[in-house]
Amino acid sequence: MGKNNKKKPQAPNEQHLILPVHSSAVGLGETSGSPPAIPIVDTHTHVLSTFSAYRTKYPDGQYNTISEFVRALYHDSAVSNGGVHPVEAIVDVWCEAPELREWRTLADSALTEEMREKEWSGIQYHFVMGVHPHNAKDYTDEVENEILEAMAHPRCVGWGEMGLDYHYTLSPKETQQEVLVRQLRHAVRLGKPLTIHTREADADIERILKAEVPKDHKIHVHCFTDSPELATSLLDHFPNLYIGITGVITYATNFNTSAVIRHLAADPSKPLRILLETDAPYMTPSNLYPSLSSEVKGRLPFCHTAMIPWTAEFVAGVAGDAWDTERVMRESRKNARDMYGV
């Protein structure tokens, strides 16, 4: 057989990574009487991976450092659009084993207000650290000691992501469970909020969390796609637990996340216990594309924090008439403060 000569589709011009004003923010903040747009808080993103994805897709791209990348996509674009939906804060996630050495460089670059203004364009940089269930087989005392050291850093706001993933089982299930329990016990002892990854492991994640974590502990179940029954059980048991919502809610193959939103929004008088997140560079919201220029051909090569309003828009559509994009973002912004103190 001959070689496959099909060319891989080219990534859109990098100028299209700078997003237009979301429709919900048009007109906001333009006059003294109009309310400002709700700022973006991304409660789960992988900054280094997102920048690496950019450099891979655009090897000759104009942004050579994370600082330049963040300024252009998260800060300058909001300013040029009248300051609508500025990125206010991010929670960066480190979950390898061993942890990538760059974590300290990024965390130290955000220690003071002056440093955050210079390196992060005023964005409040925070991070969490743990070991992902895929990497549980590589969890060692040395890895644990580095995480414990990171927990004392002033910009660290939680332990994670950690959990169980039975979809790929890149680490044995028993090892995943043992490493999760080991991490939970340290995090609970330190009073650190928990960032939880769970996929196709409903019974075991529920059993372990309820056995190891006090009921009032703060828990973020990130990028939730499992059964609505699991979400309901965890929300009922843990009053300070929040469901993380990414762009995956917009995908036609995902029914569970929308079902959870409908359940949470059934009583409009109750708070919507969600946290908006991107899990960037993964899972670009599919409802973003109608907002982009007709010049954009194909898909954007990665997700980033400024896409949060499109996820909020989809959540509002699922939640019902009492909700709109701004209300969803306002609720999530409050929840991020309650969960992580950001």
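What is the volume of the second largest pocket? In this predicted model, the second largest pocket has a volume of about 220 Å³. Its lining is made up of T232, L235, D236, H263, L264, A266, D267, K270, P271 and R273. Helices α8 and α9 each contribute at least two of these lining residues, and α8 provides the largest share, three residues. Sorted by class, the lining of the second largest pocket holds four nonpolar, two polar and four charged residues.

The largest pocket has a volume of about 450 Å³. It is lined by 19 residues, of which H132, E161, H197, D279 and Y282 are the closest to its centre. Strands β4 (156-165) and β5 (194-199) each supply at least two residues of this lining. The largest share, three residues, comes from β5. Five residues of the lining of the largest pocket are nonpolar, nine are polar and five are charged. Empty space of this kind is revealed by rolling a probe the size of a water molecule over the atoms.

Helix α8, which contributes to the lining of the second largest pocket, spans residues 228-237. Within α8, the residues L230, A231, S233, L234 and L235 are buried. L235 is also named among the residues that line the second largest pocket. The buried residues of α8 pack against two helices, α7 (202-212) and α9 (256-264), and against two strands, β6 (219-221) and β7 (241-245).

In the neighbouring element of this packing, α7, the buried residues include I205, I208 and L209. Viewed down the axis of α7, its buried residues fall within an arc of 95 degrees, and they therefore line one face of the helix. An α-helix has 3.6 residues a turn, so residues three or four places apart point the same way. On the other side of α7, A203 and A211 are exposed. The cover over the buried residues of α7 includes β4, α6 (173-190), β5 and α8. Strands β4 and β5 thus appear in two settings: each supplies at least two residues of the lining of the largest pocket, and both take part in covering the buried residues of α7.

Several backbone features were also identified. Most residues other than glycine have a negative phi, and most peptide bonds are trans. The peptide bond that joins A97 and P98 is cis, with omega about -5 degrees. P98 is placed in the loop between β2 (87-94) and α3 (102-108). A cis peptide bond also runs from A280 to P281, where omega is near 15 degrees. P281 belongs to the loop between β8 (274-276) and α10 (308-319).

The loop between β8 and α10 also contains D279 and M283. D279 is not a glycine, yet its phi is positive, at about 55 degrees. D279 is buried, with a relative accessible area of 9%, and is one of the residues closest to the centre of the largest pocket. M283, likewise a residue other than glycine, has a positive phi near 65 degrees.

Methods: Residues numbered from 1 in each chain as written. Predicted model: local features only at pLDDT ≥ 70, side-chain atom pairs only at ≥ 80, totals over all residues. Heavy atoms only, no water. Buried < 20%, exposed > 50% of the residue type's maximum accessible area, 1.4 Å probe, protein only. Helix = DSSP H or I, 4+ residues; strand = E, 2+ residues; numbered from the N terminus. Contact = heavy atoms within 4.5 Å. 1 Å grid on protein atoms, 1.4 Å probe; cavity = no way out; pocket = protein on both sides within 12 Å on 5 of 7 lines; lining within 4 Å. Points joined across faces, edges and corners; volume = space filled by probe spheres on them. Nonpolar A, V, L, I, M, F, W, Y, C, P; charged D, E, K, R; others polar. Arc of directions from axis to C-beta.
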